[in-house]
Number of protein chains: 2
Amino acid sequence: MPVLVMKFGGTSVATLDRIARAAKRVGREVANGYDVIVIVSAMAGKTNELVSWVEETSPLFDAREYDAVVSSGEQITAGLMALTLQEMDVPARSWAGWQVPLKTTSAHSSARIEEIPTDNIMAKFGEGMKVAVVAGFQGISPEGRITTLGRGGSDTTAVAFAAAFEADRCDIYTDVDGVYTTDPRISTKARKLDRIAFEEMLELASLGAKVLQTRSVELAMRYNVRLRVLSSFEDNNENAGTLVCAEEDIMESKVVSGVAYSRDEAKVTLISVADRPGIAAAIFGPLAEAGVNVDMIVQNISEDGRTDMTFSCPVDQVARADDAMEKAKARGEINYHDLVADKDVCKVSVVGIGMRSHAGVASQMFTALKNEGINIKVITTSEIKISVLIDRKYMELAVQALHDAFGLETA
Amino acid sequence: MPVLVMKFGGTSVATLDRIARAAKRVGREVANGYDVIVIVSAMAGKTNELVSWVEETSPLFDAREYDAVVSSGEQITAGLMALTLQEMDVPARSWAGWQVPLKTTSAHSSARIEEIPTDNIMAKFGEGMKVAVVAGFQGISPEGRITTLGRGGSDTTAVAFAAAFEADRCDIYTDVDGVYTTDPRISTKARKLDRIAFEEMLELASLGAKVLQTRSVELAMRYNVRLRVLSSFEDNNENAGTLVCAEEDIMESKVVSGVAYSRDEAKVTLISVADRPGIAAAIFGPLAEAGVNVDMIVQNISEDGRTDMTFSCPVDQVARADDAMEKAKARGEINYHDLVADKDVCKVSVVGIGMRSHAGVASQMFTALKNEGINIKVITTSEIKISVLIDRKYMELAVQALHDAFGLETA
């Protein structure tokens with residue numbers, strides 16, 4: 001029998017009614033001839049409650065105990081889902097991570113998956129079991145203790161199972177019905193994509209699209225798992241949702257697939273830095289140590305041996321950046337005239353694998369922004385992405401203008 | 001190091017504050033020089049919530065999935081307790097049942113303990129760990145699935161650990177401060193017992209005293225585990241609570257140790273039953289099958305080949321008993337003139353190992369009841385117990401009269 005992996009997130013299993021609805025979807029895939037592996041998250045709110053108990057008990061908690069406590073949420077959902085399927089006369093049973101066993105590193109609360117033996121579950125499929133319900137987000141360390149994979153770990157669990165069992169597909173059921181050309185709350189013209197390439201999804205995920213965890217997309221790309229994102233709350237046909245797949249599986253040839261944004265950015269400039277070899281390391285080393293997530297970096301032309309160094313970071317990290325720079329200056333590691341922070345900026349990006357083979361995307365983007373009178377403050381590019389920092393007040397306007405300029409409204 | 005087992009019930013770990021209070025007690029025993037094994041229940045209300053989810057999902061649930069879901073409650077408390085102890089700088093870690101592993105039969109939701117290997121935890125004690133926090137109520141089956149021991153299973157877990165680790169004592173922390181001569185709500189003269197024999201505790205537990213599970217007392221008696229019941233909510237000195245121990249450890253020589261009662265009993269009489277060999281089996285077989293918990297049984301003198309058969313059962317099972325008897329009659333298995341149920345009775349018992357060597361306890365009991373004008377409807381006796389059924393309205397009066405008659409107010 002072909003194997004299908006189906007993953008249900010916290011909102012999709014938040015109540016017994018929703019678990020029942022999810023179970024019906026599973027039942028339909030069994031009827032379609034699949035042996036199904038279901039990965040479940042904890043019921044919505046459950047993990048937060050457990051985490052808050054742990055943090056209240058012990059602010060600097062032992063991550064091993066954190067994992068023992070927090071992993072219980074998925075264990076509960078797995079048992080309830082198996083019972084629901086049994087009530088529907090679908091042969092099913094639950095597995096906790098340690099029962100599979102899903103073997104991980106010992107890096108508690110952010111463990112990495114090392115191995116998923118398939119024999120145990122495959123033997124049960126051989127005996128007529130149709131659905132293996134597996135508690136997501138968790139595994140077992142070499143020391144025999146429960147580990148968790150970190151937030152979003154259930155997506156990663158699902159993709160890892162799909163890879164290990166060579167599943168036909170990994171369906172991620174969530175509270176949105178797919179991946180959009182841009183945020184539908186910003187542009188009413190946003191269109192759901194039928195397919196998107198792994199690389200594009202990775203860029204979008206790291207740019208703030210919350211549909212899939214970056215890590216699960218990376219894993220899917222590495223093992224070429226066909227990943228589908230679709231809604232738990234709508235009736236889906238065979239082509240529902242968005243398929244995240246290899247580039248070669250995408251026939252259509254749009255140059256740009258989507259427009260992403262990140263609202264709360266800041267642009268920080270160190271004025272008149274001595275331009276010498278090693279100056280970048282002297283600046284960004286202390287920033288990284290201080291936990292500042294530096295995103296874009298631009299170094300201006302040097303003049304008289306001095307330059308301006310500009311970077312962007314989340315707006316709530318500016319104070320921390322300022323402090324780190326002051327201290328580095330005090331230690332004599334760097335020297336600058338002034339630190340200027342513009343806290344009213346945002347980042348807007350266009351993403352598309354088509355850019356690789358199409359020239360002129362950047363100029364098309366800059367023209368569209370110019371036509372709206374939007375000034376660009378910083379630009380960075382990658383092979384399949386162009387990002388700009390602009391004034392925050394123009395964010396919606398920029399997203400809509402770019403969505404129009406690249407014709408994303410129509411397929 | 002000597003080992004001590006401490007068990008905290010659901011109300012003793014109901015909130016993070018209460019877990020902290022319990023942890024302080026554990027810390028004191030560590031300071032006293034013990035290696036401590038702490039057995040925890042689920043936070044009060046947690047198990048009921050999980051059970052209700054299972055029952056709502058699947059009324060005739062798969063007990064294996066029930067166990068997977070319900071066992072999570074203790075797992076959470078164990079992790080939180082370990083974290084709390086660590087915050088107090090007491091080296092501690094948690095164990096789920098399967099991690100010990102506490103090996104049980106495969107009888108899911110009512111599994112019996114088969115083996116508790118001590119090497120794993122003892123090795124950690126050897127490495128300087130001071131407290132092993134173990135999730136109560138659960139174990140692992142030969143098939144590698146989570147089992148639970150049934151309600152009250154945490155007491156049984158605690159006693160089993162005390163036996164396996166040859167603990168000095170097994171302290172059961174609960175919401176009462178010990179075992180009383182009778183229910184303090186019924187008699188203000190009720191006195192806390194410093195010591196009680198296993199056999200007496202067993203009788204009291206089966207008579208409805210809710211302090212300890214019958215099963216845990218049986219296990220303690222078999223392995224001669226010194227079991228202490230004490231309050232989580234009071235400051236305890238060394239002699240706090242009640243020690244449940246072997247008869248030979250009790251110096252005092254009261255004939256009667258306690259007066260117990262059971263309020264909602266019914267007396268059921270089958271009038272004019274044909275008195276023939278096998279008639280008792282023909283009556284009580286169908287009752288057992290119907291799930292009627294028959295307690296006392298009295299058969300009156302036979303006259304003309306017919307007799308009256310009287311038994312007691314919980315008042316809410318009378319309809320079921322009636323139904324079972326009607327059906328047996330319809331099948332021709334038994335024959336009786338009428339079924340008469342007295343639903344307004346209660347059971348009052350006196351218990352004491354001293355009865356074995358003292359004659360006259362029964363007549364002393366009957367005299368005390370007669371002096372209050374209380375009519376006795378049914379009598380049964382065991383080696384260390386005498387029980388009577390009386391009208392429910394006399395229950396408090398009877399308990400108080402017997403408490404006085406046997407001088408239980410003073411030690």
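A disulfide is a pair of cysteine sulfur atoms within 2.5 Å, and a search of the whole structure with that criterion finds 0 disulfides over all chains. What you have open is a predicted model, in which local features need pLDDT of at least 70, side-chain atom pairs count only at pLDDT 80 or more, and totals for chains, interfaces and linings use all residues. Residues are numbered from 1 along each chain as its sequence is written, chains are lettered from A and ligands numbered from 1 in the order in which they are written, and side-chain values use heavy atoms, with hydrogens and water left out.

**Stop 1: cysteines of chain B**

Select B:Cys346 and look for its closest cysteine sulfur, which belongs to B:Cys313 and is 14 Å away, too far for a bond. B:Cys346 has 0% relative accessibility and therefore counts as buried, where buried means under 20% relative accessible area, exposed means over 50%, and partly exposed is in between (1.4 Å probe, protein chains only). Next select B:Cys245, whose sulfur is 14 Å from the closest cysteine sulfur, that of B:Cys170, again too far for a bond. B:Cys245 counts as buried as well, at 1% relative accessibility.

**Stop 2: the two chains together**

Now show chain A and chain B together. A rotation of 179 degrees with 0.1 Å of shift along its axis superposes chain A on chain B, with an RMSD of 0.3 Å; the fit is by least squares on the C-alpha atoms of residues with pLDDT of at least 70 in both copies. This is the relation of a two-fold axis. To find the axis from chain A, select A:Ser72, whose C-alpha is the nearest to it in that chain, at 2.6 Å. The copies meet through the same surface, because 100% of the interface residues of chain A are also interface residues in chain B.

**Stop 3: domains and a sheet of chain A**

Colour chain A by its two domains, domain 1 (3-175) and domain 2 (259-405), whose bounds come from an automatic or database domain assignment. The C-alpha centres of domain 1 and domain 2 of chain A lie 39 Å apart.

Then select the open sheet of 6 strands in chain A, which has the order S14-S15-S13-S16-S18-S17 and antiparallel pairing. Helices (H or I, at least four residues) and strands (E, at least two) are DSSP runs, numbered from the N terminus, and two strands pair if DSSP finds at least two bridges between them. The edge strands, each pairing on one side only, are S14 (297-299) and S17 (378-382) of chain A. From one strand to the next the twist averages 25 degrees; axes are lines fitted to C-alpha atoms, for helices over the stretch in contact, and angles run from 0 to 180 degrees between N-to-C directions.

At one edge, 3 bridges join S14(A) to the antiparallel strand S15 (residues 306-314) of chain A, and A:Ile297 has A:Phe311 in S15(A) as its bridge partner.

Add helix H7 (residues 198-206) of chain A, which packs on the sheet and touches S13 (258-274), S16 (338-351), S17 and S18 (385-391), its direction making about 150 degrees with that of S16(A). Contact here means heavy atoms within 4.5 Å. Helix H10 (residues 318-330) of chain A lies across S13, S15 and S16, running at about 130 degrees to S16(A).

**Stop 4: backbone angles**

Most residues other than glycine have a negative phi, and most peptide bonds are trans. Select A:Ser272 in strand S13 of chain A, which has a positive phi of about 55 degrees although it is not a glycine. B:Ser272, in strand S13 (residues 258-274) of chain B, has a positive phi of about 60 degrees.

Move on to A:Val100 and A:Pro101, which are joined by a cis peptide bond with omega about -15 degrees; A:Pro101 lies in the loop between strands S3 (92-95) and S4 (103-104) of chain A. The bond from B:Val100 to B:Pro101 is cis, with omega near -15 degrees.

**Stop 5: a strand and a helix of chain B**

In strand S3 (residues 92-95) of chain B, B:Ala92 and B:Ser94 point one way while B:Arg93 and B:Trp95 point the other way, and all are buried. S3(B) pairs with strand S6 (residues 131-135) of chain B in the parallel sense over 4 bridges, and B:Val131 is the bridge partner of B:Ala92.

Finish at helix H8 (residues 214-223) of chain B, whose buried residues are B:Arg215, B:Ser216, B:Val217, B:Leu219 and B:Ala220. These buried residues pack against helix H6 (153-164), helix H7 (198-206) and strand S11 (227-231) of chain B. Just after H8(B), B:Asn224 takes a positive phi of about 50 degrees.
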